[in-house]
Protein chains: 2
Amino acid sequence: MLDSVDVFIFDCDGVIWKGDSLIPGVPEVLEKLRAAGKKIFFVTNNSTKSRKGYKAKFDSLGLNVNPEEIFSSSFAAAAYLEQTKFKETGKKVYIIGERGIQEELDLINVPWTGFALPHDEDVGAVIVGFDRYINYYKIQYAQLCINENPGCQFIVTNLDAVTHLTDAQEWAGNGSMAGAIKGCTGKEPTVVGKPSPLMIDYIADKYKIDRSRICMVGDRLDTDIVFGNSNGCVSCLTLSGVTTEEKYLSANNKIKANYYVDSIADFF
Amino acid sequence: MLDSVDVFIFDCDGVIWKGDSLIPGVPEVLEKLRAAGKKIFFVTNNSTKSRKGYKAKFDSLGLNVNPEEIFSSSFAAAAYLEQTKFKETGKKVYIIGERGIQEELDLINVPWTGFALPHDEDVGAVIVGFDRYINYYKIQYAQLCINENPGCQFIVTNLDAVTHLTDAQEWAGNGSMAGAIKGCTGKEPTVVGKPSPLMIDYIADKYKIDRSRICMVGDRLDTDIVFGNSNGCVSCLTLSGVTTEEKYLSANNKIKANYYVDSIADFF
């Protein structure tokens, strides 16, 4: 596999780390991939941190990663606004979400608000990310902007049903925040994180890379592997996260990766 | 029309009242319908009040209405639990919603909770109604019960995108609370309010009435009139609410009622 791939896109949770623990052998593998001239990117649908916030997490785990290598869905939302030249509209963004999205919009100098009163007709986009402080005020405010402001965009970082805030249990994910706004507007959002192709488009365009030489590495069949397969990339399942070998090989599973490994430590 | 109909089902907001004001002529019409031997029912998707709560609202407007004539979606949720013999399971209900649902479950002696900690495996149904105090805790708790408790039901009072808390603007409706729970569970709920047929089934069964002699009277084409038409009832649009005559008669509108009136005051 290594010879046929120039770029590796790694999902983070279940691939690089589990909760707050690094998966054994990961630092050495990343080192060897870099030494072999491979480009590597890290992708996460968790929008609560910005790239800067994730850089701090990588640092704390002893991993030396460049902010440009990190694609959080908070960054994806900002990158989407840049691609669509949102800044030129002179409008602002209403955010349902946490610090990650706020920090990424600050970096591209797009004004945002999370506390507006009364209804602000200058809001040209609503971005909805995971928000542990979701409440009726935020839902109603997003509804007013999307339904009443002409041309107001409805952007969500992802539609993941559940997320892993702790190892103990599954937690309601951004599917619930996005679902709340879908439910009161009847509108379908633009999704910028996985499995939207936006990020792979961005990497392929920016670095002039052939998609067939990009490998998507993840631990979830219905998100990561589908994401790789449907974007013309090589896909690699790692069993270090939520998918067991038994589940992967069972007759019920129709989603197949090009490769599968126990952990990315098996790359070398 | 009056001769061919035995039962009138009235939507409330925009038909009987607008916000806190009675629509002129309504008390006299209701009086005359009763005198002519017609059965009348009042139906609302607003679940924040119980039938007792609505009785108080009718009283305050000077309308003499029997609690058995009121079908709020909070009552519909309780009636659904009764029909499906929920009490015999010995389980309890987790409620996202306001006082209306709580009071209706108290009346049928079904235990409920809105404040449980930790995860209670004894929750056998989650009922989701309009809730101005929606928050992440409630979303996560509902998700845990629906995803982790075997056989746990997911019931919503309605899926209305917006509601009219005030005349000033449209407010995010129960579509947002229901959407949040759909979004983190990936499950489709059982809907007990309009446009679910449960209420018409209940009335037709309980009072042994032929559906073709029930008239659904409402001000919304895509909910009330569709609701009447799709359940084999007579339908009557009233222009006293959100639908104008111009909109109703325009070529773009494909939803037709059997009758239409300026206001139910025109019945006589």
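This report looks at how chain B meets chain A in a predicted model, and then at the helix α6(B).

Start with the contact itself. On the chain B side, 26 residues are in contact with 26 residues of chain A. Together, chain B and chain A bury about 1900 Å² between them, and 62% of that is on carbon and sulfur atoms. Looking for salt bridges between chain B and chain A? The count is zero. Polar contacts do turn up, though: eight residue pairs across the interface of chain B and chain A, with both residues at pLDDT 80 or more.

Which elements of chain B give two or more residues to the side that touches chain A? They're listed here:

| Element of chain B | Residues |
|---|---|
| α5 | 136–148 |
| β11 | 171–172 |
| α6 | 174–185 |

The largest share of that side, seven residues, comes from α6(B). As for chemistry, the residues of chain B's side that touches chain A split into 14 nonpolar, nine polar and three charged.

So what does α6(B) look like up close? Its twelve residues should span 16 Å at 1.5 Å a residue, and the end C-alpha atoms are 17 Å apart, so the two values agree. The helix α6(B) is also mostly covered, with eleven of its twelve residues buried. Among the buried residues of α6(B) are N174(B), M177(B), I181(B) and C184(B), as well as glycines G175(B), G179(B) and G183(B). Just past the end of α6(B), G186(B) adopts a positive phi of about 70°.

Key: Residues numbered from 1 in each chain as written. Chains lettered and ligands numbered in written order. Predicted model: local features only at pLDDT ≥ 70, side-chain atom pairs only at ≥ 80, totals over all residues. Heavy atoms only, no water. Contact = heavy atoms within 4.5 Å. Buried area = accessible area lost by both parts, 1.4 Å probe. Salt bridge = Lys/Arg side-chain N within 4 Å of Asp/Glu carboxyl O. Polar contact = N/O pair within 3.5 Å; in protein donor to acceptor, adjacent residues only side chain to side chain. Helix = DSSP H or I, 4+ residues; strand = E, 2+ residues; numbered from the N terminus. Nonpolar A, V, L, I, M, F, W, Y, C, P; charged D, E, K, R; others polar. Expected span 1.5 Å × (residues − 1). Buried < 20%, exposed > 50% of the residue type's maximum accessible area, 1.4 Å probe, protein only.
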